[in-house]
Structures are given as structure tokens and as C-alpha cells.
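Open your viewer and give yourself a minute to turn the molecule around. This short tour suggests what to select at each stop.

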Amino acid sequence: MRDKTHLEQIERWGKFVKENPDSWKKEHTQFIDAQIEKSWKFYERLKKTSGGDEKIRKLRAI
């Protein structure tokens, strides 16, 4: 079960969205894009390791 801080974060995000209807999408998109870029860089580093291709195949099968 989630704790109180999780609910508080959801409430803060909802308030931010309501108070910033024109800017929240840009900030959210930048955050999501950064997460995707980090994951791709992780896979690039993992591929260079011993057995990296096999590890990637196993991760993608999950």
C-alpha cells in the first residue's frame, strides 16, 4: 500500500497542473523524454559488457 507521501505528491502535481495549464505539458514532456533517453543510454552501456546482448534479451522478455 502506498504511503501518505505518495498521495501528497499526487495532490501537489494536480495543483501544479491546475495552476499552470499552459506550461505543465512542456515540463512533463521534458521529464518523460529524459527518462527515455536515460534508458537508451543504459542499454547502450549494457550492450558493451560481457554477455550484454543476452542480458538485454532477458530484460525485454520480462
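Here is a walk from the whole chain down to one helix pair.

This is a predicted model, where local features need pLDDT of at least 70, side-chain atom pairs count only at pLDDT 80 or more, and totals for chains, interfaces and linings use all residues. Residues are numbered from 1 along each chain as its sequence is written, and side-chain values use heavy atoms, leaving out hydrogens and water.

**Stop 1: the whole chain.** Colour by secondary structure: you should find three helices and zero strands, in the order α-α-α along the sequence. Helices (H or I, at least four residues) and strands (E, at least two) are DSSP runs, numbered from the N terminus.

**Stop 2: the outline.** Show the C-alpha atoms; along the principal axes they fill a box of roughly 50 × 30 × 15 Å. Now add a surface: about 6,000 Å² is exposed, 57% of it from carbon and sulfur atoms (Shrake-Rupley method, 1.4 Å probe).

**Stop 3: H2 and H3.** Select residues 24-47 for H2 and residues 52-61 for H3. How do their axes meet? They come within 7 Å and cross at roughly 140°, with axes fitted to C-alpha atoms over the stretch in contact and angles running from 0 to 180 degrees between N-to-C directions.

**Stop 4: the contact.** Show side chains for Trp40, Phe42, Tyr43, Leu46 and Lys47 in H2, which meet Gly52, Asp53, Lys55, Ile56, Leu59 and Arg60 in H3; contact means heavy atoms within 4.5 Å.
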